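Work through the following exercises with the structure open beside you, and try each task before you read its solution.

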Amino acid sequence: MSNILTVAEMGAADAAAIAAGTPGTVLMERAGLAVAEAIRERHRRCRVAVLCGPGNNGGDGYVVARRLKRWGWPVWVEASAPPATPDAKAAAARWRGETVSLGAQRQTDLVVDALYGAGLSRPLDGEAARLARTIPREQVIAIDTPSGLSGDTGQPLKDVAFRAALTVTFHRRKPAHVLQPGRGYCGEVVVADIGLGDTVSALSENSPDLWAHRFPWPSIEAHKHARGRLIVISGEAASTGAARLAARGGLRVGAGLVTVLSPPGALAEHAAQLEAVMLKAFEGEAALAEAAEAADAAVIGPAAGVTAATRANLITLAHTGAALVVDADALTVFKDRPDDLFAALDRDDVLTPHPGEFERIFPGLLKNSPERITAARTAAKRAGAIVLLKGPDTVIAAPDGRAAVNLNGSPWLATAGSGDVLAGLIGGLLAQGMDSFEAACAGAWIHAEAGAGFGPGLIAEDLPGLVPARLADLHGRPPIR
Ligand SMILES: NC(=O)C1=CN([C@@H]2O[C@H](COP(=O)(O)OP(=O)(O)OC[C@H]3O[C@@H](n4cnc5c(N)ncnc54)[C@H](OP(=O)(O)O)[C@@H]3O)[C@@H](O)[C@H]2O)[C@@H](O)CC1
Ligand SMILES: [K+]
C-alpha cells in the first residue's frame, strides 16, 4: 500500500472499480464501515455528531452514522446541505436517525468530519469555516481528508481546514496526507481497503517496500574492494568535520573503502580523528582526478567551501566514473550558473538540497509549484539527476518522474551536520552499486529512522552509530546491542 494517488488518480481507480462491476454504493458502504470501525477501535461508546456535506464524502458520513447507531451509539447528523449525488442520496435515505442543520450547537464528544473530501476546490466558508476554526482536534475524525484541505497539495484553502486526531482515507494515501502542512492537519492516518484492486502510480511513500529487495547486502565472497569505494571531498582546515561525518555515514551503511580526500592543509586535522576511514591529500584538479580514478561514488559539498576550487572539483569528479552526491556548498557555488552544474551531471548523480539551496539552483521553482513533489520532479528533469529536497516531508524525485515522500522524518534531525551524514549514507549506497533513486530513498529512510529512534538530544555524531540497528532490522536479524 505504499503508492500515493493524486485526486485524479483516485477518481480513476474508483471509476475503474465501478466500471468493473462494483457499484458506487457498495464502495461507500465499505468506506463508511471502515470509518465506523476505526472509531470503535479507538473510543468507548460516546456522543457523536456526523457533519455531512452534499457530496459522496457526506454520503460516507451517513453510512458511519447508521453503523454507529446500529451499535447503540448516541449519534446524529448535522447536514450542511441536502445530499446531492445519487450515492449520497441513497446513503442518506437509509439513515433513520436525527438530522439537524450544521452547527446546531449540541454537546458532543466526537465529531465526524464528512463535509468534503480530497477533491475540494473551493474554500470553506460560513458555518463550516467557523466550525473548522473552533472544534478541538482531539474530537475530530476526518473522512478522506480534513475538510478544507486540498488533497493534491496539502494546503488549506484560504487557510481554513479542520484539524483531526484521526483521518481515515481509502485505498491509498493522497498528497495531503504526506505533505506539510496537510499532514499536520490529519493526525493519525488510516488507509482503509475498500476493494479497489491494484493501482500503480509514480508517487510512493518512501518505505523499505520500495527498495529493500534490492538493498546491496554483501555476498559471501565479499571483500572490501568489492563492497564499493567511496570518496568524500573535505573542506579546508577549519571545516573538516562535515567530511568525516559523511565518511562515517558511508562506511556504516556498508561501503567497503571510504577515503577522505583532503587539501594538504587539513590533513593533520583529519589524521588525528580518523581510523577506519582512510585519508589522502590532493591539491588541484589533476590530483583529484587521479585520486578519484577508482572511486565508485563521491560526496562533494559538506563544508567544502563556496569557492572556485569547489566548482572545479565538482566538474572534475563529474568526468570520472563515480556517481556523485552533490550537497551544500557544491550546490550553492553554482548559484549564478546552475546550467553548468546540470550540464556536468549524469542521471545517476544525486543532489541533496535543503529548500534554501534548492532556491539557489532552481530559482522560483518551489514557490511557483503547487507543492514540493512537483517542484522536486521538475528539478530532477531540469538537472537530469536525482533530486532529494529536504524537509520534514523530504521528497526524492528522479528525472523519469518517479518520486517518493518520506513519512518518517522527525524534528530531531534538524541539527547541524545531520545532512552531512545523509549525504554519506547515500554515497555509501551508491558506492555499493544501488540504483541512485533507490539509494537516495534508502539513505533518507535509514537516516530518518535513526533520528526518530534516538529522539531528544540527538547530534549528528550519533547518527552513524545508529545505522547498524536499522540495517539489522532491514536484514531481518536482531540488532547488536
Ligand atoms: N466512488 C467514489 O468515488 C467513492 C468516493 N468516496 C467518498 O467520496 C468522496 C468524494 O466525493 P465527491 O467527489 O462527491 O466530493 P465531496 O467533497 O464529497 O463533495 C463535493 C461537493 O461539495 C460541493 N462543495 C465543494 N466545496 C464546497 C464548499 N466550500 N462549500 C460548499 N459546497 C462545496 C461541491 O460543489 P461544486 O464545487 O461542485 O459546486 C460538490 O457538490 C471521497 O472523499 C470519499 O469520502 C467513498 O465513498 C468511496 C467511493
Ligand atoms: K472530510
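**Exercise 1. Describe the chain as a whole: how many helices and strands are there in the chain, and what is its radius of gyration?**

Step 1. In this predicted model, the chain holds 20 helices and 17 strands.

Step 2. For 481 residues, the radius of gyration expected of a compact globule would be near 23 Å, and the chain has 26 Å, which agrees with that expectation. Along the principal axes, the C-alpha atoms fill a box of roughly 80 × 50 × 45 Å.

Step 3. Turning to burial and contacts, we find that 53% of the 481 residues are buried. Of the contacts with a separation of 6 or more, 72% are between residues 24 or more positions apart.

**Exercise 2. Work out the order of the sheet formed by 7 strands, and say which strands stand at its edges.**

Step 1. The 7 strands make an open sheet with parallel pairing, and their order is β3-β2-β1-β4-β5-β6-β7.

Step 2. At the edges stand β3 (99-101) and β7 (188-192); each has a single partner strand, so one side of each is left without a neighbour in the sheet. On average, and with direction ignored, neighbouring strands of this sheet are turned by 25° against each other.

Step 3. To see a pairing in detail, take strand β1 (residues 48-52) and strand β2 (residues 75-79), which run parallel and are joined by 5 bridges; within this pair, W76 in β2 is the bridge partner of A49.

Step 4. Two helices can now be placed on the sheet. Helix α2 (residues 24-42) lies across β4 (110-114), β5 (140-143), β6 (166-170) and β7, and runs at about 150° to β6, while helix α3 (residues 56-70) lies across β1, β2, β4 and β5, and runs at about 155° to β1.

**Exercise 3. Examine strand β4: are its residues buried or exposed, and which way does each one point?**

Step 1. A residue counts as buried if 20 or more other C-beta atoms lie within 10 Å of its own. By this test, 5 of the 5 residues of β4 are buried.

Step 2. In a regular strand the side chains alternate between the two faces of the sheet. Looking at β4 itself, L110, V112 and A114 point one way, whereas V111 and D113 point the other way, and all are buried.

Step 3. The pairings of β4 complete the picture. With β1 the strand runs parallel over 5 bridges, and here A114 stands opposite C52. With β5 the pairing is again in the parallel sense, over 3 bridges, and V112 has I141 as its bridge partner.

**Exercise 4. Find the residues that the UniProt record annotates as "binding site", and explain why they can be said to gather at one spot.**

Step 1. According to the unreviewed UniProt entry, the annotation "binding site" covers N57, D113 and S147. They span 91 residues in sequence, yet no two of their C-alpha atoms are more than 9.6 Å apart, so they gather at one spot.

Step 2. Consider D113, whose place is in strand β4. D113 has 31 other C-beta atoms within 10 Å and is therefore buried; leaving out residues up to four places away in sequence, the residues that D113 touches include L51, I143, P146 and S147.

Step 3. Consider next S147, which is found in the loop between β5 and β6. S147 is buried because 31 other C-beta atoms lie within 10 Å, and its contacts beyond four places in sequence include D113, L115, Y116 and F162.

Step 4. Finally, look at ligand 1, which is surrounded by 28 residues, the closest being G55, N56, N57, G117 and D144. The elements that give two or more residues to this shell are α2 and α3, and the largest share, 5 residues, comes from α3.

**Exercise 5. Trace the sheet formed by 10 strands, and find the helix α19 that lies across strands of it.**

Step 1. The 10 strands form an open sheet in the order β8-β17-β16-β15-β14-β13-β12-β9-β10-β11, with mixed pairing. The edge strands are β8 (203-206) and β11 (278-281), each of which has a single partner strand, so one side of each is left without a neighbour in the sheet.

Step 2. One pair in this sheet is strand β14 (residues 350-351) with strand β15 (residues 386-389), in the parallel sense over 2 bridges; V350 stands opposite I386 in β15.

Step 3. Helix α19 (residues 436-454) lies across β8, β13 (323-326), β14, β15, β16 (395-397) and β17 (403-406), and runs at about 20° to β15.

Key:
Residues are numbered from 1 along each chain as its sequence is written. Chains are lettered from A and ligands numbered from 1 in the order in which they are written. This is a predicted model: local features need pLDDT of at least 70, side-chain atom pairs count only at pLDDT 80 or more; totals for chains, interfaces and linings use all residues. Helices (H or I, at least four residues) and strands (E, at least two) are DSSP runs, numbered from the N terminus. The radius of gyration is taken over C-alpha atoms; the globule rule is 2.2 Å times the number of residues to the power 0.38. A residue is buried if 20 or more other C-beta atoms lie within 10 Å of its own, exposed if 12 or fewer, and partly exposed in between; C-beta atoms are placed from the backbone. Two residues are in contact if their C-beta atoms, placed from the backbone, lie within 7 Å. Two strands pair if DSSP finds at least two bridges between them. Axes are lines fitted to C-alpha atoms, for helices over the stretch in contact, and angles run from 0 to 180 degrees between N-to-C directions. UniProt positions are given in the numbering used here, feature names are shortened, and annotations may be inferred rather than shown by experiment. A residue is near a molecule or strand if its C-beta atom, placed from the backbone, lies within 6 Å of it.
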